[in-house]
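Welcome, and thanks for taking a look at this one. Please open the model and keep the sequence at hand.

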Amino acid sequence: MNTKTRSDVTIIGLGLMGRALVDTLLQTGHSTTVWNRTADKAEELITRGALRADSVDRAVIASPVTLLCVSDYPSLHTVLDPVGEQLDGRLLVNLTSGDSAQAREMARWAEKRGARYLDGAIMAVPPTIGTPEAVILLSGSKAAFEAQRSILDALGTATYLGEDHGLSSLYDVAGLSVMWGVLNAWLQGVALLSTAGVDAASFTPFAAQVAQGTVGWLEDYAGQVDGGSYPANDATLTTHAGGMAHLIEESERLGVNAELPKLFKTLVDRAITDGQAEASYPALITQFSPESTTS
Ligand code: NAP
């Protein structure tokens with residue numbers, strides 16, 4: 001490996017997100033080499049101090065660490081496959097979105113070429129990069145993560161998840177599942193209240209109170225899922241099913257879309273049929289993850 005480098009970090013991919021990453025690194029005093037397929041996207045960054053690489057191989061040898069932020073993994077392979085021999089001894093930090101299988105495959109690909117590899121996922125929009133609001137999930141070599149803390153912490157709240165390279169993608173989609181769950185449930189409530197002339201702004205403080213209360217149950221429920229035991233200290237699935245029936249009936253009577261509560265009730269009814277009528281709510285994990293056990 002040529003160990004002579006000219007910058008702290010290289011960034012490949014100067015789309016909306018890549019440019020925000022470079023912008024933040026320059027502002028925090030990191031010398032940064034950039035490469036993008038469409039070269040003119042680098043122009044403005046060059047005027048602010050970024051260093052241009054005129055090829056991918058020059059980009060990767062310019063710095064000990066290369067951040068990758070292109071559209072998807074196939075694009076990533078298009079960029080990196082021709083320069084595999086230059087990667088020996090380098091660290092790749094891949095911030096391109098994808099799934100856990102792609103992340104693990106990329107880690108094996110990098111390892112075969114002598115590179116260290118961290119897989120990442122950005123849970124943020126470009127304007128928040130460089131603020132604590134921008135969560136950067138990372139998985140792979142802990143030593144590599146620790147060695148690059150200065151760069152990763154500059155980008156946002158850098159969060160190390162573990163050695164398995166698939167973890168950052170899995171946390172990413174699990175987080176999105178929570179986000180859409182809350183948003184869709186809130187919209188159901190907004191639609192119900194609108195039939196009585198209550199606007200979304202009036203409903204929202206109450207919705208937030210309920211959401212926060214529900215979050216407060218999660219620690220106890222996580223213990224039940226991890227322990228595989230579901231004592232109904234608060235409410236049984238039968239009680240939940242009764243409440244869901246009211247939500248469905250009220251929605252249908254008022255002309256509000258009832259698909260979401262019907263899905264909830266389908267899952268609960270199936271768990272009750274499976275013998276979990278007296279169990280607490282997290283017993284429903286069996287409907288999401290069939291291999292989970294109950295007692
Ligand atoms: P974008 O603005 O569409 O930019 C895409 C980048 O990928 C460009 O640099 C593009 O190069 C490059 N690219 C695409 N196909 C390529 C190929 N075959 N060969 C070489 N380069 C290729 O997208 P973005 O918003 O920056 O997103 C980049 C990554 O960040 C994605 O994985 C995205 O999911 C993730 N992300 C984005 C956001 C967000 O809010 N924007 C949030 C979280 C995560 P050209 O300029 O030459 O087209």
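What follows is a short tour of helix lengths, burial and one helix pair.

This is a predicted model, in which local features need pLDDT of at least 70 and side-chain atom pairs count only at pLDDT 80 or more, while totals for chains, interfaces and linings use all residues. Residues are numbered from 1 along each chain as its sequence is written, and side-chain values use heavy atoms, leaving out hydrogens and water.

Helices (H or I, at least four residues) and strands (E, at least two) are DSSP runs, numbered from the N terminus. The expected span of a helix is 1.5 Å times one less than its number of residues.

| Helix | Residues | End-to-end C-alpha distance | Expected span |
|---|---|---|---|
| H1 | 16-27 | 17 Å | 16 Å |
| H8 | 167-194 | 40 Å | 40 Å |

In H1, the buried residues (under 20% relative accessible area, 1.4 Å probe, protein chains only) include Met-17, Leu-21 and Leu-25. The buried residues of H1 pack against several elements, among them strands E1 (9-12) and E2 (32-35) and helix H7 (149-155). Just after H1, Gly-29 has a positive phi of about 85 degrees.

H8 buries Ser-168, Asp-172 and Leu-192, among others. Its buried residues are covered by elements including H5 (100-112), H11 and H12.

Now for the pair H11 (residues 237-254) and H12 (residues 259-276): their axes, lines fitted to C-alpha atoms over the stretch in contact, come within 9 Å and cross at roughly 150 degrees. H11 is therefore roughly antiparallel to H12 (over 145 degrees between N-to-C directions, on a scale from 0 to 180).

Technical notes: Parallel < 35°, antiparallel > 145°, perpendicular 65-115°, else oblique. Buried < 20%, exposed > 50% of the residue type's maximum accessible area, 1.4 Å probe, protein only. Contact = heavy atoms within 4.5 Å.
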